[in-house]
Amino acid sequence: MKIYKLDAIVLKSRDMREADKILTVYSIQRGKQRIVAHGAAKPNSRKRGAVQPFCFSEFMLHRGREIDAISQAELKEGFAEIRYDLDRLTAAAYITELLDGFVAEGEPNQNLFSLLYSALHLIAVGNSEMILRGFEAKLLGFSGLQPDLTNCSVCGAEIRETKVSFAVQQGGILCKDCATHEKRILKFSRGTVEVLKTLYRWELTKLQQLKVSEPLKTELSALLRSYIEYYLEKKLKTTEFMDRLYKSNLGRGTNI
């Protein structure tokens, strides 16, 4: 098939030469893929509006020797609200970078596409903090990395403590005895673990109704970040950006 169609969300875009763009997209049909948009950087390009980061677009592509190229592009949803608010823009950049880091090319997953699409919709209307936590948790789950939150990940014992140990290497919580043998554990309130369980049970669209105290939100963010960075073996650029931004703007808070 020399020509084919993609329904895809643009994860990121970078310039190539003077007028071309290399896009990383996540599509319903093919999952993550790099494609080229010739001439898209020109001011009068018809493709220009459909190839921006976070856009959901329909692309017609033709096969190239090394990378496939867009012949036609039609914007379906641009999520314009995201581009005029720094918090929304950063949240959208975070989830697209996170997805890009977790998935390999050529592995389509309808659940992941729907998760990304729903998250962008919710971020566009604001109040994204629990949406981000839900996105992180569900992405881990769809990637086969959902942590064990019911019993000790080593011995299977029931966990009764109010302070819970979490081992990123084991991928779950530990009982008091097993935790003494682990060098890298994180301590969290049982309430934080219960909130994380709720993130897996509830749909993303329902999470804005979830009432969580600020201390538990902080713990939940730290837990998920540690787990994600352990598997990615790096810090994301967007989290480093947010750390620097809010460190120099104390009192504003951060939702990443």
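Two strands are taken to pair if DSSP finds at least two bridges between them. On that footing, the predicted model described here offers a welcoming place to start: 5 strands close into a barrel, following the order β1-β2-β3-β5-β4. The pairing in this barrel is mixed. Between neighbouring strands of the sheet, the average turn is 50° when direction is ignored.

One pairing is worth a visit along the way. Strand β3, residues 31–37, and strand β5, residues 68–77, run parallel and are joined by 2 bridges. Valine 36 has alanine 69 in β5 as its bridge partner. Helix α1, spanning residues 86–102, packs on the sheet, where α1 touches β1 (3–16), β2 (20–27) and β3. The direction of α1 makes about 110° with that of β1. Helix α2 also packs on the sheet, and its contacts there are with β1, β2, β4 (56–62) and β5. For α2, the angle with the direction of β1 is about 55°.

From the sheet, the path leads on to a pair of helices. The axes of α2 (residues 110–124) and α3 (residues 129–142) come within 11 Å and cross at roughly 175°. Angles over 145 degrees count as roughly antiparallel, and α2 and α3 are therefore roughly antiparallel to each other. On the α2 side, the contact is made by Asn111, Leu112, Leu115, Leu116, Ala119, Leu122 and Ile123. These meet Ile131, Leu132, Phe135, Lys138, Leu139 and Phe142 in α3. By character, the residues of this contact between α2 and α3 comprise 11 nonpolar, 1 polar and 1 charged.

Note on methods
Residues are numbered from 1 along each chain as its sequence is written. This is a predicted model: local features need pLDDT of at least 70, side-chain atom pairs count only at pLDDT 80 or more; totals for chains, interfaces and linings use all residues. Side-chain values use heavy atoms; hydrogens and water are left out. Axes are lines fitted to C-alpha atoms, for helices over the stretch in contact, and angles run from 0 to 180 degrees between N-to-C directions. Helices (H or I, at least four residues) and strands (E, at least two) are DSSP runs, numbered from the N terminus. Angles under 35 degrees count as roughly parallel, over 145 as roughly antiparallel, 65 to 115 as roughly perpendicular and the rest as oblique. Contact means heavy atoms within 4.5 Å. Ala, Val, Leu, Ile, Met, Phe, Trp, Tyr, Cys and Pro count as nonpolar, Asp, Glu, Lys and Arg as charged, and the others, Gly among them, as polar.
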